[in-house]
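Subject: Structure handover

Hi there,

Here is the structure I promised to pass on to you. Please open it alongside this email, and my notes follow below.

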Amino acid sequence: MKHRLAVAVLGSTLAFGSLPGVSAAPAPGSRLEAALSGGTVNLDLRLRYEGVAQDNALEDADALTVRTVLGYTTQSWNGLSGFVEMENVNALVDDYSGVPPPAQHSVVPDPEGTEVNQWGFRYTGIKNLVATVGRSKLILDNARWVGNVGWRQNEQTYDGYFLKATPLAGVTLNGAFITNINSIFFTNIDLEGVLLNAQWVAVPALTLTAYAYLLDYELITAATPDPDTVGLRATGGVPLTPAVKLSYVAEFARQDGTLMTGEFDADYLLGELALGFKGISLALGYELLGSDGGNYAVQTPLATLHAHNGWNDLFLVTPLTGLQDTYIRLSGSIGKVAWMAKYHEFSADEGNADYGREFNVQVTRPLVGKLNGGLKYGTYSADSLAVDTDKLWAWLGYSF
């Protein structure tokens with residue numbers, strides 16, 4: 001929630017400005033000054049503990065970090081507004097590695113640092129069109145392909161040009177050309193990316209989304225190949241009875257990936273059915289990140305990866321033999337407490353090896369005023385991939 005700073009603009013005392021009941025329009029300079037000084041401030045604070053224990057040679061990790069986000073957005077002036085946001089991550093307890101190994105402790109990917117996380121200009125002077133240039137957050141659909149990695153203390157943002165249009169009722173078009181990823185590790189990743197996403201709410205029971213995400217990295221790695229992904233997503237829900245609702249998600253995509261070793265292609269599938277009854281939801285799902293003969297697998301380098309395939313983050317890079325994730329999720333609320341539990345079975349697409357299984361549970365609650373808090377736990381039991389891993393989180397958040 002943002003609060004607005006009140007600014008009074010003095011009218012001219014010349015000409016008609018001094019006559020009763022008649023006021024002169026403010027000069028252009030006055031309007032610009034009011035737009036700059038009469039904007040909105042946003043503040044977000046999050047104090048979080050994260051503990052990691054792994055069945056390997058690394059020491060257990062303990063991280064107590066605080067994230068501070070402070071931003072300002074001007075008022076609109078002739079349809080144009082500006083925005084800037086600073087982000088700082090500070091470790092109060094730093095018995096952890098903030099970047100991937102080699103390291104003494106297990107990784108908690110929340111390194112210390114300060115940066116300008118967002119900045120730019122936004123134009124809304126044309127009806128049903130929003131144009132943005134600069135550094136900005138971007139979340140498309142469920143963040144499976146493009147997200148802001150909002151769970152980490154330093155969010156992921158993008159440099160580039162962004163367009164959002166709503167030309168017809170129920171139709172939303174998103175397009176972006178990105179030139180840099182401002183990563184969660186306070187690093188910059190150069191690329192040229194074209195992101196296209198078109199959504200149509202056909203009827204209440206059916207929303208269709210078509211997308212194409214075409215990425216060309218300056219440096220090709222196994223985690224960041226040059227993937228071109230084209231797909232179609234369908235979501236919706238229908239009431240079975242006045243008290244019971246059936247919801248679904250169905251998605252298919254094809255990815256062409258380029259590595260130094262050659263060009264490959266693989267399929268992505270997602271299917272989920274959920275039943276909702278009196279605030280309780282039970283969902284069954286299957287997700288496939290396919291493999292091309294064990295030489296390449298579907299990668300999602302721009303995704304909010306923590307939200308998919310288990311909270312312990314064992315699949316930030318899809319294994320070359322692919323990934324099948326069969327899961328069950330139960331969620332609901334008791335009073336002001338929201339809760340969720342989720343169980344995953346992970347296996348390979350190529351060869352069908354069992355990778356392991358993971359159980360996640362979370363509770364969150366609003367506390368006093370704008371203060372909120374939560375607890376979260378994940379445990380991964382390894383078969384043929386990684387090692388047994390336990391993670392625990394506790395946090396307090398405040399924002400306006």
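What follows is a short tour of the cores, the pockets and cavities, and a few single residues.

Before anything else, please keep in mind that this is a predicted model.

**The nonpolar cores**

Let me begin with the largest nonpolar core, which holds 32 residues; Val146, Leu195 and Leu302 touch the most other members. Two or more residues of this core come from each of strand E7 (157–165), strand E8 (171–182), E9, strand E10 (206–217), strand E12 (244–259), strand E13 (262–277) and strand E15 (323–334). E10 gives the most, with 4 residues.

Leu302 is a handy place to centre your view. Leaving out residues up to four places away in sequence, Leu302 touches Trp145, Val146, Gly147, Gln156, Tyr158, Ile178, Ile181, Leu195, Leu215 and Tyr217. There is also a second, separate core of 6 residues, and Val52, Ala61, Tyr96 and Val108 are among them.

**Pockets**

Where does the largest pocket get its lining? Strand E2 (40–54), E9 and E19 are the elements that give two or more residues to it, and E9 has the largest share, with 3 residues. The space in this pocket comes to about 1000 Å³. Its lining runs to 37 residues, and those nearest the centre are Pro100, Ile184, Phe185, Leu316 and Val317. Sorted by class, the lining has 20 nonpolar, 12 polar and 5 charged residues.

The second largest pocket has a volume of about 370 Å³. It is lined by 21 residues, with Asn142, Ala143, Ala307, His308 and Lys342 closest to its centre. At least two lining residues come from each of E13, E15 and strand E16 (337–347), and the classes here are 7 nonpolar, 8 polar and 6 charged. E13 and E15 may be familiar by now, as both also give two or more residues to the largest core.

**Cavities**

How many cavities of 30 Å³ or more does a search of the whole structure find? The search finds 2. The largest cavity has a volume of about 70 Å³. Its lining is made of Trp145, Tyr213, Leu215, Pro227, Thr229, Gln255, Gln299, Thr300, Pro301 and Leu302, and E10 and strand E11 (226–239) are the elements that give two or more residues to it. By class, that makes 6 nonpolar, 4 polar and no charged residues. So Leu302, named above for its place in the core, turns up in this lining too.

The second largest cavity holds about 30 Å³ of space. Arg144, Leu289, Gln299, Thr300, Leu305, Asn309, Phe315, Leu316, Val317 and Thr318 line it, with 5 nonpolar, 4 polar and 1 charged by class. Gln299 and Thr300 line this cavity and also the largest one. Leu316 and Val317 are part of this lining and also lie among the residues nearest the centre of the largest pocket.

**Thr389 and Asp388**

Now to a pair of sequence neighbours. Is Thr389 buried or exposed? Thr389 has a relative accessible area of 1%, under the 20% cut-off, and therefore counts as buried. Thr389 lies in strand E19 (residues 389–399). Its side chain makes a polar contact with the side chain of Gln54 (3.5 Å) and reaches the backbone oxygen of Val387 at 2.9 Å. Beyond its neighbours within four places in sequence, Thr389 is in contact with Val52, Ala53, Gln54, Asn312, Leu314, Gly378, Thr379 and Tyr380.

Asp388 sits in the loop between strand E18 (371–382) and E19, and at 37% relative accessibility it is partly exposed. A polar atom of the Asp388 side chain lies 2.8 Å from the backbone nitrogen of Ala382. Setting aside residues up to four places away in sequence, Asp388 touches Ala53, Gln54, Asp55, Tyr380, Ser381 and Ala382. Asp388 and Gly356 are 32 residues apart along the chain, and their C-alpha atoms are separated by 8.9 Å.

**Glu192**

One last residue for you to look at is Glu192, in strand E9 (residues 188–203). Its C-alpha atom is separated by 32 Å from that of Ala202, 10 residues apart along the chain. Not counting residues up to four places away in sequence, Glu192 touches Phe177, Ile178, Leu214, Leu215 and Asp216.

Happy exploring, and best wishes!

Note on methods. Residues are numbered from 1 along each chain as its sequence is written. This is a predicted model: local features need pLDDT of at least 70, side-chain atom pairs count only at pLDDT 80 or more; totals for chains, interfaces and linings use all residues. Side-chain values use heavy atoms; hydrogens and water are left out. Contact means heavy atoms within 4.5 Å. Buried means under 20% relative accessible area, exposed over 50%, partly exposed in between (1.4 Å probe, protein chains only). A polar contact is a pair of N or O atoms within 3.5 Å; within protein, one must be able to donate a hydrogen and the other to accept it, and residues adjacent in sequence count only if both atoms are side-chain atoms. A nonpolar core is a set of buried Ala, Val, Leu, Ile, Met, Phe, Trp, Tyr and Cys residues joined through side-chain atoms within 4.5 Å. On a 1 Å grid over the protein atoms alone, a cavity is a set of points where a 1.4 Å probe fits but cannot get out, and a pocket is an open set with protein on both sides within 12 Å along at least five of seven lines; lining residues have an atom within 4 Å of a point. Grid points are joined across faces, edges and corners, and a volume is the space filled by probe spheres set on the points. Ala, Val, Leu, Ile, Met, Phe, Trp, Tyr, Cys and Pro count as nonpolar, Asp, Glu, Lys and Arg as charged, and the others, Gly among them, as polar.
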